[in-house]
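Trainee: I am new to this entry and would like to go through it with you step by step. Could we look at it together and settle on our words before we begin?

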Amino acid sequence: MPDQQPVIAQKSPFVVEVEAGKTYWWCSCGQSDLQPFCDGSHEGSSFTPVEYKANESGSVYFCGCKHSANGALCDGSHEKL
Ligand code: FES
């Protein structure tokens, strides 16, 4: 099977207020309607969600373009798409 490319949900990060101690599942396929988090839409694809554990409460910049080399977190890759 050829490598599948993720869908670009948006070319900017999703800023989310996370809570310390909570676990979040970041959507890596880009198809979720609950961006930036997984809603199960990846079923049948080669993508799986990525776990993010919040160590502290605050704003987190989750990757929206699904091309970050930093996993669930924005690394600015959206500027090169
Ligand atoms: S919906 Fe995208 S990884 Fe689950």
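Mentor: Strands are DSSP runs of E with at least two residues, helices are DSSP runs of H or I with at least four, and both are numbered from the N terminus. Please also keep in mind throughout that this is a predicted model.

Trainee: Which side chains of strand S1 point to the face where they are buried?

Mentor: Strand S1 covers residues 14-18, and its side chains alternate between two faces. This fits the general rule that in a regular strand the side chains alternate between the two faces of the sheet. Val15 and Glu17 point to one face and are not buried, so that, with buried taken as under 20% relative accessible area, the buried face belongs to Phe14, Val16 and Val18.

Trainee: Which residue in S4 stands opposite Val16?

Mentor: S4 runs over residues 58-62, and S1 pairs with it in the antiparallel sense over five bridges. Val16 belongs to the buried face of S1, and the residue that stands opposite Val16 in S4 is Val60.

Trainee: Turning to S2, which residues make up its covered face?

Mentor: S2 spans residues 23-26 and pairs with S3 in the antiparallel sense over four bridges. On the S2 side of that pairing, Tyr24 stands opposite Tyr52 in S3. Thr23 and Trp25 form the uncovered face of S2, whereas the covered face consists of Tyr24 and Trp26.

Trainee: Ser28 comes next; which backbone oxygen lies 2.7 Å from a polar atom of its side chain?

Mentor: Ser28 sits in the loop between S2 and S3, and Ser28 is buried because its relative accessible area is 12%, where the limit is under 20%. Leaving aside residues up to four places away in sequence, Ser28 touches Pro6, Phe47, Thr48, Pro49, Val50 and Lys66. One of these contacts spans 20 residues of chain, yet its C-alpha atoms are separated by 6.5 Å, and the backbone oxygen that lies 2.7 Å from a polar atom of the Ser28 side chain is that of Thr48.

Trainee: Where in the chain does Lys66 lie, the residue with a phi near 65°?

Mentor: Most residues other than glycine have a negative phi. Lys66 departs from this with its positive value, and Lys66 is also buried, because its relative accessible area is 7%. Lys66 is among the residues that Ser28 touches, and its place is in the segment after S4.

Trainee: How far is the backbone oxygen of Phe37 from a polar atom of the side chain of Ser32?

Mentor: Ser32 also has its place in the loop between S2 and S3, and Ser32 counts as buried because its relative accessible area is 7%. Beyond residues up to four places away in sequence, Ser32 touches Cys27, Phe37, Cys38, Asp39 and Ser41. A polar atom of the Ser32 side chain lies 2.9 Å from the backbone nitrogen of Leu34, and the backbone oxygen of Phe37 lies from such an atom at 2.5 Å.

Trainee: Which residue does a cis peptide bond join to Gln35?

Mentor: Most peptide bonds are trans. In this model, however, a cis bond occurs with omega at about 5°, and its second residue lies in the loop between S2 and S3. The residue joined to Gln35 is Pro36.

Trainee: About how much space lies in the largest cavity?

Mentor: The structure holds one cavity of 30 Å³ or more. Its lining includes Ser12, Pro13, Cys65 and His78, and by class it has four nonpolar, six polar and one charged residues. The space in this cavity is about 40 Å³.

Trainee: What is the relative accessible area of Cys65?

Mentor: Cys65, one of the residues lining the cavity, has its place in the segment after S4. Among its contacts are Val7, Ile8, Leu81 and His78; His78, in turn, is buried because its relative accessible area is 15%. Cys65 is likewise buried, because its relative accessible area is 2%.

Trainee: Is Asp3 buried or exposed?

Mentor: Asp3 lies in the segment before S1, and its C-alpha is 8.0 Å from that of Ser46, which is 43 residues away in sequence. A relative accessible area over 50% counts as exposed, and because the value for Asp3 is 74%, Asp3 is exposed.

Terms used: Residues numbered from 1 in each chain as written. Predicted model: local features only at pLDDT ≥ 70, side-chain atom pairs only at ≥ 80, totals over all residues. Heavy atoms only, no water. Buried < 20%, exposed > 50% of the residue type's maximum accessible area, 1.4 Å probe, protein only. Pairing = 2+ DSSP bridges. 1 Å grid on protein atoms, 1.4 Å probe; cavity = no way out; pocket = protein on both sides within 12 Å on 5 of 7 lines; lining within 4 Å. Points joined across faces, edges and corners; volume = space filled by probe spheres on them. Nonpolar A, V, L, I, M, F, W, Y, C, P; charged D, E, K, R; others polar. Contact = heavy atoms within 4.5 Å. Polar contact = N/O pair within 3.5 Å; in protein donor to acceptor, adjacent residues only side chain to side chain.
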